[in-house]
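Okay, thanks for letting me jump in. Have a look at the structure while I talk.

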Amino acid sequence: MELLKENFKNSADRLDKPSDYLIKKAVRKQNFTDLEKSLRSRTIYVGNLSHFTTEEQIHELFSKCGSIDRIIMGLDRNKLTPCGFCFVIYKTEDGSLNAMKFLSKTVLDGQSLAIDLDPGFIDGRQFGRGMFGGQAGQEAAAAAENGGGRGGFRGRGGFRGGFRSRGGNFRGGRGFRGGFRGNRGGFRGGRDRGETSVYIPSADPTFNNQNPPPFDPMGGFNQQF
Amino acid sequence: MEFNQPVKRSRDEFEEDNFQHPQDQFESEEKRQRSDPIKELINNVCKDIRKIGENSNIINQIDDVSYISNPIVAEFEKIEELRNSVLSTIYAIIIEQPQKINAFSNLILICNAKNFVVAKYVIEFLHAKAQELLDSIRNASKQSEDVDTNEENAGVFNNIKSILKFLATLSPIIENYSIINIFKQFLQLSIDLQDLTPETRSGIAQEIYYNVLISIPYILSNESENSQEKLIALIDTELVDLAKSFKIVEHKSNSLIQPFDSKLNNYELPYQPKKLIELILPAILELQAQNWSNDLFINFLELLDPIIQESLSNNEISNELIQHKLPQFKIPEPSILSKYKPHGSIDKLWYDNPRIIFQVYNLTTEFETVPSIESFQGLFFKDISSDILTNLSFNKNEASTQLSILDLFYNKNLFAPPGSSIDTLTEIHKDNVSGENETPLSTWKVEDVAVESILTMIFQLPTPLHKEIYYYTVLISCCKENPESFAPVFGRAIRLFYNNLETLDYELKIRFMDWMTTQISNFDFSWKWDEWVQDSKSLKNVKYHPKKNFIKNLIAKEIRLSNKERISESFITMNPETSEIENIKEFEQYLNIALFENESKFILDYDTELYGGKEEVQNVLEDLLTEKKQELKLKNIVGAQEEMFYNFYHSDLPLGEISQKVYDFIMAHYKPNNEFEELYEEVLTTAKESFPEINAERFLINLFFQTYAFIGSRSIYSVVSILDRDINKLKFLSGNYEKIEYAKDQNEIEFKKVELSSEQLNDRQNWIIESIFRIWINQPQVVFLILEYLIEFQILLPNYLLDKCLNLGTNLIIDNVSCMESINRILSSLNYTNGDQFKLLIVQLFKLIVNNLNELSKTLELEDAQKKEEAEEKEKEEVSDKDNELFTKVDNQWLFYEYKGLLKTYFRKFIATQTSTSEILDEIKQLFETIENVPAKEDILTWVAEV
């Protein structure tokens, strides 16, 4: 695979290459199309977000790397609340490469961000693939912390497919913004932004009442200036 | 020699201390490729080469280098892939990490003793690389523009500089002092090139000249004392004497790239910026006066010589030291060079403008914490660190590590121990002065050198070489790895900029704010807020003072990255007596980030007027507002969405029923245009018939646009997708019919054409802006993002937004940094997509600013700076009407300065650095001629002369 070969053109590793996760996945499946796509993609995956981080905050930080086309928040499949990841789609590929190089491990809302190149957003990927609807990785980590085994989290596919009809249940009522299904995609130079609901509101009434994670602003740090 | 006990930390120690593992990726790659022994060997060798110089123990370092040389010497000729990879790595290190050049030359010197072919290959390879770069100039002049504008490329001449430095370190193994010839060749070129245009500055000539001179000391770095004598003589006669004949030609003025602005000589600058080109020859002459005794480079010779001698004696082919040929270059003629327009970032910097030195440290301390810019060392470290930062942008962590350990690559006593505090340095300085220290100890701080170099890049004018966020995150990495060493260094930088906000260039103020927000957002928003309490208090009655404006917008920006609760919790300080943490109440006021002051009153007045101004409606609205406030009070955390005050469908309000219909229409899925048109007519007719006091059209625009915004209020992209769905309907509403594009393939029903007078169009466009201002009054950032999308969708015309943002009543573009950032995005994006519209907008923007300057200057006499100071001191308690007049005057004066700063920013950004706008330069000059305030006009006209 030519693109994985070290060419020694630089004196240190480049940060704008796909993560080990993507590479391993490609090697395992012996399918490098996604990997190639991800190198020319306008989309990045952003993980390790706090569940309280809003699209506006993400916009504020990520727009420093280039103009953003749109942001798609990752949602818990069951609760339809943000679950710690999102896709940022830039207007040009420079934006995603810059974000990859510059924003990895930057702190947003107290969380150190994980960023990866992405082959491109496909509808449905905004939903968590964990057993409980959240992000698989986070659920596994939480379970491991509680002493649970990891074995139980492998059964992915079974829960998928159900979300479409479920999404429909939340439409209609005042305050819910389900499905602005604009079928107008074609005429604006192929930028079919409106094909799906970009954000489905929380169906969990307790969501807004939860307090953000504890915060220790001093941390001893500001005494050092 | 005390080589055995290194004071400095090696890179590994540095990383061990600081929990960072940037090598991880390499390891995993290594594992994958372990199957192939040759690949594995190449990987290991190249990885080792990359780390040369990072060991603080010089003995071990030389041993390591000798060890690394073995596989290279053995396999270099046999394995082509290894040879290519090693050569490629060598070149990458020279260009990207020039701080390693000295340590790295040891490898080649040792290889040469073991197998001279390796050194021959390396020298020839680098010679060919440099020649290739030179040839690219000839080719570039043949081809059209835009050959290589990759921002990772620092430029032909900057890269050649690093190659020259490296070749200079190899001087002991180069025949006939050829290295001097090469230097001389470039030096002569720079002189000839400048002489070609005796009246005009040649940026390339200055760059070549500077690059040659800054590299001279490398020639002596690996020479023993015996061999130095002859070389020094050659340097003196062939290079330094020649260098004296270079003519420095400069523009008359360069105010467009000055980091500070005296505000028409009303303020003192923190320092008078100097130019690189003027300092280099004196610095070299100073070195010459000290007989080139150089305390900069590590002296490896003592350790290197025995290894070289031993290798030579074991060498089967030759026991003599082999020297290599270094032929002169084929250099493009000055006539070709004079037409050359460089593409690389650092070359371009030289080409476009004089290189002005930005300073952060040494300004407020009694002693030097960074080498003086007038010394060779000062220029040297600026040069090295700017190369590292420019060329390592693909790995911010590596850039940060290398800058943090920069001292490691140079003489042990050059810097104070890493992490030394200012208190420690003050002690050292005291002992130096008193003679307590027999030989004075260094007070230079490697962290200061690193941070100053990064800030220099952030504050680079006219534009930074990379996206600012890259530099921010390099600084953040520095700080994360080593908070105790770096945090105080930042603190001093922040204080310097804050204390000089009155004179800091307008655009740089915005960059400062952006940097500081990003920086502290990564460290729990900690800042010593108590330092600014007094300023905030004494500036309570003015609005546009730069310090007040800075504090307000900084906090607003922090909130945008976080939330009000969290930012509020960061306003704390430690009581020095009780050691208890206390809240600072002073900054709570800035948590209200509403677009306009007294937002409740604004909302009430706005809505009452919208409904025709009747008292009973006002009462209903007032009740609703009180109710809303009560509701919000009960919550501990209020989301942006909950703060919105939207009541159109309320049954107690006029037109509630039809408003409900509009709400339901937009809420539902896409509906055909004719249904929309019917609804539109229905709203207009109902309003006109039942409520003659209401301006029906204004109500209609507000109803629709506020409802779209409200329904999409969950997030920016929900509003964007719903606006996107109904673009044509919205264009129909906004009066921008011509831009409607019907989806023919889907048989989209066309709207009936409604004839609008230009006045009606103006009104509708303005009302759209006002309606978004109104509905999102509490979230200015959202306001501007929505307006930007309305412009992108061609629903709103950008000139109307410009008018609103530069309105002298609200001065949003100055008052609210979200507004300026938004205008910048709009202009930049139009600049790429629609050049003609862009030019019209730029002219409009300049007209508006000039008009504001003229209006403001009517209200001030610029001389009374003293009165202004008095006003700033006044506390609220003693405010009389006369004082209020004074405050207004002070505010107007700052507005005047800020609009002038804004004008400079846009002139620099869109006129001075862009060839595409040169055709409107005359028009803009004429516009500037109409500025009434004479000193300001004269100052502004010098900018035009600089283009």
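I'll go through chain A, then the nonpolar core, then two helix pairs in chain B.

One caveat up front: this is a predicted model.

So, chain A. Its secondary structure adds up to six helices and six strands. Walk along the sequence and you get α-α-β-α-β-β-α-β-β-β-α-α. Of its 225 residues, 38% count as buried. And if you take contacts in chain A between residues at least 6 apart in sequence, 66% of them link residues at least 24 apart.

The helix I'd point you to there is α4(A), residues 93–102. How many of its ten residues are buried? Eight, so to speak of it as mostly covered is fair. The buried ones are A:G95, A:S96, A:L97, A:N98, A:A99, A:M100, A:K101 and A:F102. What's sitting over them? From chain A, the cover includes β1 (43–47), α3 (55–62), β3 (82–90) and β6 (114–117). Chain B pitches in too, with α17 (396–404) and α20 (468–481).

Next, the core. The largest nonpolar core has 297 residues, and the members touching the most others are A:V88, B:L167, B:I454, B:I772, B:I786 and B:I849. Helix α40 of chain B, residues 881–912, gives the most to this core, with 15 residues. Zoom in on B:I772: leaving out residues up to four places away in sequence, it touches B:F705, B:A709, B:V783, B:I786 and B:L787.

Now the helix pairs. Two packed helices are described by the angle between their axes and the distance between the axes.

Pair one is α3(B), residues 37–50, with α4(B), residues 58–75. Their axes come within 10 Å and cross at roughly 140°, which makes α3(B) oblique to α4(B). The crossing is left-handed. On the α3(B) side you've got B:L41, B:V45, B:D48 and B:I49, meeting B:I68, B:P71 and B:I72 in α4(B). By class, that contact has six nonpolar residues, no polar ones and one charged.

Pair two is α6(B), residues 101–114, with α8(B), residues 156–169. Here the angle is about 50° and the axes are 9 Å apart, so α6(B) is oblique to α8(B). This crossing is right-handed. B:I101, B:N102 and B:S105 of α6(B) meet B:K165, B:F166 and B:T169 of α8(B). What's the mix of residue classes in that contact? Two nonpolar, three polar and one charged.

That's what I had, so over to you.

Key:
Residues numbered from 1 in each chain as written. Chains lettered and ligands numbered in written order. Predicted model: local features only at pLDDT ≥ 70, side-chain atom pairs only at ≥ 80, totals over all residues. Axes fitted to C-alpha atoms, helices over the stretch in contact; angles between N-to-C directions. Helix = DSSP H or I, 4+ residues; strand = E, 2+ residues; numbered from the N terminus. Parallel < 35°, antiparallel > 145°, perpendicular 65-115°, else oblique. Left-handed = near helix turned anticlockwise from the far one by under 90°. Contact = placed C-beta atoms within 7 Å. Nonpolar A, V, L, I, M, F, W, Y, C, P; charged D, E, K, R; others polar. Buried ≥ 20, exposed ≤ 12 C-beta atoms within 10 Å, placed from the backbone. Core = buried A, V, L, I, M, F, W, Y, C linked by C-beta atoms within 7 Å.
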